[in-house]
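Colleague: I am new to this structure and would love a friendly, close look at one part of it. Could you start me off there and then lead me outward?

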Amino acid sequence: MTAPTYDLGKLHGGLRLLGHKQASTTQSILDVPVPSQLVLPIEQHVGEPAQPVVGVGDYVLKGQLIAEPDGELGAPVHASSSGTVVAIERWPVSRRHGDKAPCIVIECDGKDAAVPDPATTDYQSQAPADLLLRILDGGIVGLGGAVFPTAQKLMQARTCDTEYLILNGVECEPYISCDDVLMRERAPEILTGAQVLMHALQINDCFVVVESDKPEAIRRLGEALAELGDDRIVLKQVPTIYPSGGEDQLVQLVTNREVPSGGLPTDVGCIVQNVGTAAAVHDWILRSEPLISRVTTVTGDGVVSPVNIRARIGTPIEEVIQLAGGYTEHVKHLIIGGPMTGKSVTTDEVPLVKASNCVLAISDTAPKGDELACIRCGDCAAVCPVQLLPQQLFWYACADDEKKLREFGLIDCIECGCCDLVCPSHIPLTADFRIAKGRIRELADEKSRAERARQRFEARNQRLEKEQEEREAELARQKDSARSAGPAAIAEILKRKQQEKKDDSG
Ligand code: SF4
Ligand code: SF4
């Protein structure tokens, strides 16, 4: 069955890029065996890091909670296999600056013993609010790369007039094919996950959106949808243009609604979830398997046999490379994520985390040429999907002009890299924007810290003033009652007052 193409909204800019996906999609998803050691960062999501609830020496089972959420935007972390916690320490992770982060290290015993009798959820009979709390317990985060905790995103959408759930199967970045193979192999589970999400959101419209260069995924989803017979779910094809898989771009394409600057898809009645997230919701709600594994593409000319693997979260990247036949002779760069938005790492000791959609090993990058002065050709603006003016932003980023950067919408930049690719002057625009956004965020954090300190100071003063007023009122009340009670009571009050003074000066 081929899905119909609907009247789609228009995406501004974007680029048609070579996919490089063929090599990794010729075979089925390979399961990575349980590694000898798992390294689980406690911060794998947007928001506060989780707090460990296990200690060194503890034996843990597959699926057991090992770190609980902390703060409003938290997500729990679960053990991906059974074994003994041997360390809680800083370990290299695939973050932007390639630094280290606190991780729980488990020495696996190879038994893969799971939490006994896990409870499954009859989601249809559950109140939506309870279902949202249950989703929170599964440690599920957005698997498209944003890693926003799923339960909190759904809760936010519940507070708005959300009409549409959009399942994102638009895997537009070159080399990455984990969602494509997932849609081919687990289409029924993805659609059931969509039904669970619709119940949690109490909405009745869902679009499953796939790019037109994935005919096999579209066919499998079409068959699964026909089998399911749920006419609330509609399959949509979109043209293959990078970065149409960005949340705001997808909303625009599917509904022709424009997410306002600095806003969210819920501002225009939509919530976007990745197809992998929907499958993870299915696995947790209907099989009680928390988010302890994911499908990842291992590809590039730096590995022998590009492939998609299903590995436990925490598996060292060096082990997944082995399943792709190991490195080729001339491998030079290792990137976690795609070539446009991924992060370079300097070691393959880093673990696979919930956000790891791709491990890209490449022998070399094309020489970029020396950076030259901007010639104001305007090509960067023509391809920017957010309709920004990258050449202006670059100017203000160089001048560190926060006010102008805000005015020109830097905060809306999705760091897609399109402007870099077309710039004839080889200016690393996206890297500069990333740094400038970081500085703006730091300034905003500083301001909000100062504001919180001011509020705390004022609240303390108000509290002290109120206590003083209450003390004076109490004293006046006691004096009044003493006047009517006689000299003995007055003596008692004076004694108490003297004692209070002594206590205060002490
Ligand atoms: S593409 Fe490069 S050279 Fe052209 S306007 Fe943009 S920044 Fe300047
Ligand atoms: S990186 Fe930012 S400025 Fe450049 S094209 Fe993408 S969204 Fe526009």
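Colleague: Which residues are around ligand 1?

Modeller: Happy to help, and please keep in mind that this is a predicted model. The residues around ligand 1 are Cys374, Ile375, Arg376, Cys377, Gly378, Cys380, Gln391, Cys423, Pro424, Ser425 and Ile427. Sorted by class, that shell holds 7 nonpolar, 3 polar and 1 charged residues.

Now look at the space that holds the ligand. Ligand 1 sits in the largest cavity, and that cavity encloses about 110 Å³. In this model there are 3 cavities of 30 Å³ or more. The lining of the largest cavity is made by 14 residues, and those nearest its centre are Cys374, Cys380, Gln391, Cys423 and Ile427. These five names also appear in the list of residues around ligand 1. Two helices to pick out on your screen are α9 (379-383) and α10 (390-398), each of which supplies at least two residues of this lining. By class, the lining of the largest cavity divides into 9 nonpolar, 3 polar and 2 charged residues.

If you follow α10 onward, you come to the loop between α10 and α11 (402-407), where aspartate 400 lies. Aspartate 400 is not a glycine, yet it has a positive phi of about 55 degrees. With a relative accessible area of 48%, aspartate 400 is partly exposed, because exposed means over 50% and buried means under 20%.

Let us turn to the other ligand. Ligand 2 has 13 residues around it, and Cys384, Cys413, Cys416, Gly417 and Cys419 come nearest. The helices α12 (418-422) and α13 (429-485) each give at least two residues to this shell. By class, the shell around ligand 2 has 10 nonpolar, 2 polar and 1 charged residues.

Helices α12 and α13 also lead us to an open space. Both of them, along with β15, β16 (343-345) and β17 (358-362), supply at least two residues each to the lining of the second largest pocket. Among these contributors, α13 gives the most, with 3 residues. The second largest pocket has a volume of about 1,000 Å³. It is lined by 29 residues, with Pro339, Met340, Thr365, Lys368 and Leu421 nearest its centre. Their classes come to 15 nonpolar, 9 polar and 5 charged.

While you are on α13, find arginine 441, which lies in that helix. Its relative accessibility is 42%, so arginine 441 counts as partly exposed. The C-alpha atom of arginine 441 is separated by 31 Å from that of threonine 297, which is 144 residues away along the chain.

Strand β15 takes us to another spot. Alanine 324 is found in the loop between α8 (317-323) and β15 (333-336). Alanine 324 has a relative accessible area of 0%, so it is buried. What does alanine 324 touch, leaving aside its neighbours within four places in sequence? Its contacts are Val298, Val303, Val304, Ser305 and Val307. The C-alpha atoms of alanine 324 and threonine 299 are separated by 7.6 Å, although these residues are 25 apart along the chain.

Further back in the chain, helix α2 (residues 150-158) is worth a visit. Its buried residues are Thr150, Ala151, Gln152, Lys153, Leu154 and Ala157. In an α-helix there are 3.6 residues a turn, so residues three or four places apart point the same way. Among the elements that cover the buried residues of α2 are α1 (128-137), α4 (187-201), α6 (247-255), β12 (270-274) and α7 (275-287).

Helix α6 has two backbone details beside it. Proline 243 is found in the loop between β11 (233-238) and α6. A cis peptide bond joins tyrosine 242 to proline 243, with an omega of about 5 degrees. Asparagine 256 has its place in the loop between α6 and β12. Asparagine 256 has a positive phi of about 60 degrees although it is not a glycine. Its relative accessibility is 53%, so asparagine 256 counts as exposed.

To return to your starting point, ligand 1 sits in the largest cavity, with Cys374, Cys380, Gln391, Cys423 and Ile427 nearest the centre of that cavity.

Conventions. Residues numbered from 1 in each chain as written. Chains lettered and ligands numbered in written order. Predicted model: local features only at pLDDT ≥ 70, side-chain atom pairs only at ≥ 80, totals over all residues. Heavy atoms only, no water. Helix = DSSP H or I, 4+ residues; strand = E, 2+ residues; numbered from the N terminus. Buried < 20%, exposed > 50% of the residue type's maximum accessible area, 1.4 Å probe, protein only. Contact = heavy atoms within 4.5 Å. Near = heavy atom within 4 Å. 1 Å grid on protein atoms, 1.4 Å probe; cavity = no way out; pocket = protein on both sides within 12 Å on 5 of 7 lines; lining within 4 Å. Sits in = over half its atoms within 2 Å of the grid points. Nonpolar A, V, L, I, M, F, W, Y, C, P; charged D, E, K, R; others polar. Points joined across faces, edges and corners; volume = space filled by probe spheres on them.
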